[in-house]
Structures are given as structure tokens and as C-alpha cells.
Amino acid sequence: MFTLDKFEEASEIVKRVTKPTNLIYSEYFSAQTGAKVYLKPENMQYTGAYKLRGAYYKISTLTEEERAKGLIAASAGNHAQGVAYAAKAYGCKAVIVMPETTPLIKVNRTKSYGAEVVLYGQVYDEACAKAYELAEEYGYTFVHPFDDLDVATGQGTIAMEIIQDLPTVDYILVPIGGGGLITGISTLAKMLNPSIKIIGVEPAGAASMAAAKKAGHVVTLPSANTIADGTAVKTVGEVVFPYANENVDEFVTVEDNELVTAFLDMVENHKMVAENSGLLAVAALRKLDYIKGKRVVCVISGGNMDVITMSSVIQNGLILRDRIFTVSVLLPDRPGQLAKITRVVAEAKGNVIKLEHNQFVTVNRNEAVELRVTMEAFGTEHKNQIIESLRENGFDPKIVKASL
């Protein structure tokens with residue numbers, strides 16, 4: 001059972017290993033929504049996510065004998081690093097089973113916190129089964145990423161800090177994967193102030209908690225397809241579900257495209273990197289008309305994103321926001337046409353990024369060749385102005401899929 005005493009105890013214990021993540025007021029999101037929006041930046045923690053809270057508190061509840069035998073977990077992401085860091089802080093052995101497909105940078109980062117890494121299987125489920133097998137063989141304590149009340153209690157310390165920072169908070173928006181984070185936050189928030197509304201946010205392609213809520217019991221989705229890989233969970237926790245079911249006021253889903261544009265918003269307006277799962281709360285803001293005039297806290301749960309993914313998200317975000325677009329124009333194959341187009345674009349204050357010239361679009365090159373122009377604009381209105389300028393100058397631009 002959750003108790004206020006345990007939450008208070010956990011809040012003091014996790015301070016030993018956590019950075020203060022004081023609320024950040026967001027002028028940008030406040031202006032966009034009409035609410036007073038604050039960010040809880042757990043992406044700024046030592047391991048880049050909130051996970052070490054639950055892991056460290058879990059270790060504190062173990063006996064000396066259990067700690068001496070060591071811990072084991074299965075993860076290819078934030079949980080691996082959270083358990084490894086927490087175990088090192090407590091002086092415990094930690095074994096992390098990761099799929100063989102885990103990127104080397106994640107493996108090395110987990111090792112850097114002192115953990116022993118075992119690579120096994122192609123997917124998480126196979127790694128998890130191996131972790132349970134090793135726990136049985138060596139007497140390790142298995143630390144579940146979400147379906148454990150002690151772990152959820154540690155995660156719930158976030159709610160204590162939010163309410164201490166902003167006692168008048170009206171809404172707390174929380175990402176949902178397996179359910180441990182929102183279970184801890186919602187349970188403690190309701191204990192401290194039942195009038196606080198808790199909104200759970202899931203990726204549309206992996207809305208396992210919303211499905212469980214609708215069914216009245218835990219269900220398994222046929223798939224979990226989303227760029228928010230940290231919350232791509234097909235089955236939420238059996239142990240934590242009843243608490244989330246009782247204490248969460250509403251469940252909202254977010255599409256992948258909304259996460260992409262939310263990433264741009266965070267980088268450009270807060271100079272802050274958050275992973276796709278960590279962006280769920282801010283991406284949901286525009287879906288909630290009833291938060292106008294209210295005090296809203298968005299939990300930014302993590303910031304661990306590799307640079308390749310980051311590059312892809314930025315490019316796609318710019319395209320979705322009409323800040324990069326491509327037009328196809330058919331031109332007679334004679335000198336001066338390219339100069340004419342670039343002059344029109346420049347006069348409309350567009351910025352050409354790439355030109356692709358296809359002389360073989362028709363058999364008769366004198367009739368037409370294709371020029372694809374990829375350019376940068378300030379947004380949809382500016383994009384439309386550039387296209388209209390091209391039309392006014394005798395061209396017939398067609399929008400095509402942008403490529404960088």
C-alpha cells in the first residue's frame with residue numbers, strides 16, 4: 001500500500017542522488033495555451049531521466065543481505081541507467097540485461113555507472129526473461145521498471161517537489177509508459193490535494209493505459225508503434241494499474257507528428273533537449289481547452305536522445321511547420337530560367353537550400369525540364385507568399401515532398 005509516510009520518506013531519501021529540478025515557467029507554452037504553464041525538467045537529472053528516483057528508493061527498502069547479493073534489471077533505455085547509477089550510489093552490484101541490438105553508446109553509458117552489462121536476445125522481452133533467470137540463479141533482486149509499488153513511490157517524489165514549488169497547481173500532465181511514474185505522481189498528488197487534476201498522456205500508437213481504463217483491467221495491445229520508444233509499452237503494470245485507474249482524471253493521446261513539432265518548440269524556446277517520450281506532456285497542451293487560466297505543470301520525463309534521431313526529428317519538424325518545403329517547377333531548357341526563379345525566391349525573402357535539376361522529365365527537353373527547389377521559410381504564411389510570387393512571375397509551382 002502507498003502511504004504518505006512512505007512518500008515523505010522517499011522524498012528525503014532520493015535527494016541524496018537527484019539534482020533539484022525546480023519548475024521552469026514557460027512564457028511560450030503559456031502564450032500558446034492561455035494557461036500558466038510550468039515545466040518539471042527531469043531530463044536534467046544525472047542520468048537524463050527520472051528513473052533513478054524509483055531505483056534508489058527501491059534499494060533503500062532492501063535488507064543488507066539483499067543489497068549484498070546485488071540487483072538486476074532489464075532495459076535498453078533510461079531504466080538501465082537509473083538502476084546502474086542508483087546501485088553505484090548505494091555501493092551495490094548491478095547487473096543490467098540489455099538486448100543485443102542495444103546501441104553501443106547506451107551500453108557504454110550504463111557500464112560507466114559501474115554496472116555489469118549482459119547482452120542477450122533481440123528484443124526487450126527476451127532480455128527480461130534472461131534477467132529473471134539470472135535473478136533466480138544468483139539471488140539478485142529484480143528491479144522492475146514500473147510494476148513495483150516501491151519504485152512507483154520513488155517516482156512519486158516528483159509530485160512532492162511540484163507541490164512544494166507551486167502549491168496552487170491545478171493540473172499535472174504526466175507521460176505514461178508502463179504506469180509507474182503516473183501511479184506515483186497521481187497517488188501522492190491526490191493525498192496532498194484531491195482537487196489537483198492529473199492528466200495522463202500516451203503516444204497514440206501505444207495507448208495501453210487508456211485501453212486498460214476502457215476495459216476495466218490490464219490488456220495487451222497487439223503492437224506498440226511510436227517514435228516515443230521510452231513509452232512504447234503494450235501492457236501496463238498489473239500492480240500499479242488500480243492506482244492509476246483511480247487517481248488519474250483523464251487520459252490523452254498524442255500523435256508522433258505532434259511530438260516532432262513539440263521537440264522544435266522545446267529546443268527553440270527553452271534551449272532544452274527532451275526525448276520523444278519526455279515530450280508527451282507538452283505535446284498534449286494544445287488538446288486541452290479547459291486549462292485556460294489554470295496553473296499547469298508538464299513533467300518532462302527524460303532527455304536521452306541520440307544525435308541521429310535528433311537530426312531526423314528536427315528536419316521533419318521543420319517540414320511539418322512549413323519552414324522547409326520543396327516545389328517542382330517545369331521550365332523550358334534555356335539559359336536564365338534558374339536565375340529567374342532564384343531571384344523571385346530571394347525577393348520573397350525565401351532561402352534556397354537545395355536545387356535538383358531533372359532534364360529527363362520529358363523526351364522533349366526544349367518543352368520542359370524539371371527543377372525542384374527546396375527552400376526555407378518562416379512558416380505557412382511565408383511559404384504561401386513565396387509560392388504566390390512564383391505564380392505571379394509566370395511559374396506553376398507544385399508542392400512535392402521535401403527532402404534534405
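**Exercise 1. Work out the setting of K40: is its side chain buried or exposed, and what does it touch?**

Start with the surface: K40 has a relative accessible area of 1%, so K40 is buried (buried means under 20%, exposed over 50%, partly exposed in between, with a 1.4 Å probe and protein chains only). A quick word on the ground rules: this is a predicted model, where local features need pLDDT of at least 70 and side-chain atom pairs count only at pLDDT 80 or more, while totals for chains, interfaces and linings use all residues. Residues are numbered from 1 along each chain as its sequence is written, and side-chain values use heavy atoms, with hydrogens and water left out.

Next, place the residue: K40 belongs to strand 2 (strands are DSSP runs of E, at least two residues; helices are runs of H or I, at least four; both are numbered from the N terminus).

Then look for a partner. The side chains of K40 and E161 make a polar contact at 2.7 Å (a pair of N or O atoms within 3.5 Å; within protein, one must be able to donate a hydrogen and the other to accept it, and residues adjacent in sequence count only if both atoms are side-chain atoms).

Finally, list the surroundings. Setting aside neighbours within four places in sequence, K40 is in contact with residues including T21, L23, R53, I158 and V299 (contact means heavy atoms within 4.5 Å).

**Exercise 2. Lay out the open sheet of four strands and find what packs on it.**

Get the order down: the strands go 5-4-3-6, with parallel pairing (two strands pair if DSSP finds at least two bridges between them). Now the edges: strand 5 (116–119) and strand 6 (141–142) each pair on one side only.

Zoom in on one pairing. Strand 4 (residues 94–98) and strand 5 run parallel, joined by four bridges, and I96 sits opposite V117 of strand 5.

Now add the helices. Helix 5 packs on the sheet, touching strand 3 (71–74) and strand 4, and its direction makes about 170 degrees with that of strand 4 (axes are lines fitted to C-alpha atoms, for helices over the stretch in contact, and angles run from 0 to 180 degrees between N-to-C directions). Helix 7 (residues 124–138) lies across strand 3, strand 4 and strand 6, at about 165 degrees to strand 3.

**Exercise 3. Sort out the aromatic pairs: how many are there, and how are F2 and F7 arranged?**

Count them up: the structure holds 10 aromatic pairs (rings of Phe, Tyr and Trp, the last by its six-membered ring, with centres within 6.5 Å; planes under 30 degrees apart are stacked, over 60 edge-to-face, the rest tilted). F2 and F7 are stacked, 5.5 Å centre to centre with 15 degrees between the planes. Both F2 and F7 are buried, and ring pairs link them with Y243 into a cluster.

**Exercise 4. Compare two loop residues with positive phi: which is buried and which exposed?**

Recall the background: most residues other than glycine have a negative phi. K271, in the loop between helix 12 (256–270) and helix 13 (280–284), has a phi near 50 degrees. D322, in the loop between helix 14 (307–320) and strand 11 (324–331), has a phi of about 60 degrees.

Check accessibility last: K271 is exposed at 69%, whereas D322 is buried at 15%.
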